[in-house]
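Please find below my notes on the model, set out as numbered points. They take up a few individual residues and then the internal space.

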Amino acid sequence: MANVVAQPHFIFGLRTGVKNNLCFCDEQTVVFPAGNNCVCYNTIRSSQRLVPGSEKSQAMCALAISANRRYLAVAERAEKATVAVLDLHHQPGKTKRRVLSAGDLPAQEFICLAFSPDSKYLIGQTGAPEWTLIFWFWEKHKILATVKTGTSNNPVKQVSFNPFNHTQLCVSGAGVFKLFRYAEGCLKQSSFAKVDSIHLLSHAWIAPERVVAGTDTGRLLVFENGDLRRELLMSADRSERAADRRFPIQPSLSVSKTGFHRQVEMKRIKGSDLSQNPTGLRVASVVSFSRGFACSLGSGRICLFVKNENDSFTRSRDIWIPADPYSNDPGPSDNQDIESMCVSPAEETLAVSTDRGQLYSISLSAVAVDQEKAAYLDLLAQSFHSKAITGLSVCIRKPIVATSSLDCCVRIWNYETKTVDLCKEFQEEAFSVALHPTGLFILVGFLDKLRLMNLLISDIRIFKEFTVRGCRECAFSNGGHMFAAVSGNVIHIYSPSFENILNLKGHSGKVRSVAWSPDDGGLVSCGMDGAVYEWNTQSGKRASECVLKTCSYTGVVFSSDCKTILAVGTDATLKEIQDCQVLREVSADEGTYTSVAVSHSGRVVFAGNANGSVTAIKYPLPMQKEWITHQAHCGPVTKVHPVL
């Protein structure tokens with residue numbers, strides 16, 4: 001039998017904390033990181049092309065798209081940081097990959113990247129402790145120049161090329177604003193702005209010699225030839241949004257040949273003023289385009305500036321993140337900070353990503369035409385979980401998957417239509433979830449109770465509650481006539497009449513996983529006490545046991561023929577157990593196995609790993625290494641479940 005190959009098919013979610021984590025490949029396609037993949041998502045067809053990261057990658061740190069939209073640079077954290085430049089024009093599965101390094105520098109990560117306007121050069125900013133900017137002629141894998149740009153006390157936040165001059169670079173950060181020019185094999189600093197007390201979060205070029213930068217105090221600063229000229233304090237007034245009226249014209253940034261002047265009253269620059277934050281706002285992202293520029297302002301808000309005939313910029317509109325339709329809070333979703341913004345090549349669409357893992361977009365032409373109503377972003381695809389997923393369950397008879405999360409939401413995903421069918425937000429975190437085989441009911445474990453709910457067309461409604469506290473593991477039987485729920489070291493079995501018919505006691509530590517046998521006559525459990533128990537679900541007695549005190553088990557499942565038990569735990573091995581004995585062990589290549597599942601055919605075992613990988617192993621377990629590992633995530637795999 002040949003090796004089993006597991007390939008990603010579709011991804012729901014967005015990886016936050018990645019610099020510039022949203023880019024346009026073309027007018028209809030955006031690229032963003034999810035797990036250990038870059039997702040090229042077509043917004044018209046709702047289809048995905050997945051570009052995997054490096055197998056040894058610990059996490060993606062930053063993205064950058066070339067000016068010609070052909071190349072994507074991906075910075076990956078590792079013992080020695082690398083930057084992979086991908087050719088997006090190649091066919092899926094054959095993406096060309098050029099890998100760049102920091103040379104002799106002991107860099108562990110690149111925190112931001114940028115392509116030159118001619119797409120031939122690439123710059124990468126390393127993080128602590130070096131804080132070095134590296135200038136590559138990337139097609140030749142050649143480092144042309146390096147320069148130290150920051151320190152641990154003055155970290156760099158963003159780097160960029162002048163879009164009008166590929167030899168000029170800009171570096172900004174906390175107390176940092178520097179312009180460099182590449183000449184004669186060196187990067188020479190050409191400006192020395194005094195910004196020691198200013199924390200710059202983002203910047204964008206708005207003219208060949210002008211840069212607008214946002215600060216952590218809610219201000220926009222305008223630099224000309226590297227010198228700080230003007231600043232604009234952004235308004236925090238939200239009354240206009242509530243009234244849904246046209247936003248009044250705000251102060252303008254105006255440019256003349258001799259410098260900057262004000263069309264309305266603006267304060268002159270004072271260092272002490274810039275260290276204050278009277279509004280509590282932040283300008284975390286700025287993006288420019290031919291008709292003006294846009295900047296984020298605090299939570300859930302974008303300010304749009306348009307260019308006037310006299311080369312000035314006027315604040316024309318405010319754009320808002322809309323209220324979450326699934327939230328219990330009817331108010332606006334202004335608790336989301338905008339991480340990244342990008343404009344499509346034809347400048348028709350503005351797309352944004354937020355720190356809660358959501359993607360939004362808006363038509364810039366529609367905003368320009370309809371000036372009478374407040375402008376709101378639309379979801380780019382569908383809403384995603386914003387925190388760790390705690391539970392996962394696949395329905396036997398319908399193409400749906402249920403997930404629970406620490407973001408207090410339970411979501412029902414349709415893996416055929418690749419959409420969210422249902423979403424319900426609760427007042428507390430959801431620890432576990434289990435779908436009934438019919439797909440009509442769902443169990444959700446919370447801190448105080450276990451709740452049985454009906455899945456309706458447009459809602460998830462509570463049907464019955466059970467006094468099972470802190471239920472972090474639950475499962476319906478394969479026939480759907482019983483279910484098991486875990487509370488600490490006790491497993492509760494409930495009948496079709498919702499009666500607690502059995503309480504399985506024997507574990508001395510918390511139970512981490514349970515699984516029903518194919519005929520529902522048995523149940524297997526494992527726990528932190530190093531015990532794997534098989535139970536008879538009719539008598540409630542233990543049928544077999546295997547205890548290994550040196551291993552805390554995290555996942556367990558029956559084989560398809562119900563003759564053996566497969567278990568994984570902290571000793572980094574997959575164990576095959578039969579008649580109370582360990583028959584065979586398969587060691588993880590790296591990391592530790594965290595969860596396990598068996599395919600419906602019984603011929604493949606899937607093991608999730610703490611390093612985010614999923615290993616597909618043929619069954620019966622091989623004597624030698626005969627399996628394929630796919631790097632799916634950048635964090636521990638919490639649950640694996642086979643799909644029909």
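1. Histidine 641 lies in the segment that follows strand E55, which spans 627-631. The model is a predicted one, and the position of this residue should be read with that in mind.

2. With a relative accessible area of 34%, histidine 641 is partly exposed, because that class covers values between the 20% limit for buried and the 50% limit for exposed.

3. What does histidine 641 touch, not counting residues up to four places away in sequence? The list is Leu392, Ser393, Val394 and Ala597. For one of these, valine 394, the C-alpha to C-alpha distance from histidine 641 is 6.7 Å, although 247 residues separate the two in sequence.

4. Threonine 403 is placed in strand E33, residues 400-405. Its relative accessibility is 4%, so threonine 403 counts as buried.

5. Which side chain makes a polar contact with the side chain of threonine 403? The partner is tryptophan 413, at 2.8 Å. Trp413 also appears among the residues in contact with threonine 403 once neighbours within four places in sequence are left aside. The others in that list are His385, Ile389, Gly391, Leu392, Cys409, Val410, Arg411 and Val433. Leu392 is thus listed for threonine 403 and is also touched by histidine 641.

6. Alanine 485 sits in strand E41, which runs over residues 483-487. Its relative accessible area is 0%, and alanine 485 is therefore buried.

7. Around alanine 485, with neighbours within four places in sequence set aside, the contacts are Leu450, Val468, Cys471, Glu473, Cys474, Val490, Ile491 and His492. A further pair to check is alanine 485 and arginine 472: they are 13 residues apart along the chain, and their C-alpha atoms are separated by 8.2 Å.

8. On internal space, how many cavities of 30 Å³ or more does the structure hold? There is one. The volume of the largest cavity is about 40 Å³.

9. The lining of the largest cavity consists of Phe10, Ile11, Phe32, Tyr41, Gln48, Leu359, Ala381, Gln382 and Phe384. By class, seven of the lining residues are nonpolar, two are polar and none is charged. The two polar residues are Gln48 and Gln382, while tyrosine is counted as nonpolar here.

Definitions and conventions. Residues are numbered from 1 along each chain as its sequence is written. This is a predicted model: local features need pLDDT of at least 70, side-chain atom pairs count only at pLDDT 80 or more; totals for chains, interfaces and linings use all residues. Side-chain values use heavy atoms; hydrogens and water are left out. Helices (H or I, at least four residues) and strands (E, at least two) are DSSP runs, numbered from the N terminus. Buried means under 20% relative accessible area, exposed over 50%, partly exposed in between (1.4 Å probe, protein chains only). A polar contact is a pair of N or O atoms within 3.5 Å; within protein, one must be able to donate a hydrogen and the other to accept it, and residues adjacent in sequence count only if both atoms are side-chain atoms. Contact means heavy atoms within 4.5 Å. On a 1 Å grid over the protein atoms alone, a cavity is a set of points where a 1.4 Å probe fits but cannot get out, and a pocket is an open set with protein on both sides within 12 Å along at least five of seven lines; lining residues have an atom within 4 Å of a point. Grid points are joined across faces, edges and corners, and a volume is the space filled by probe spheres set on the points.
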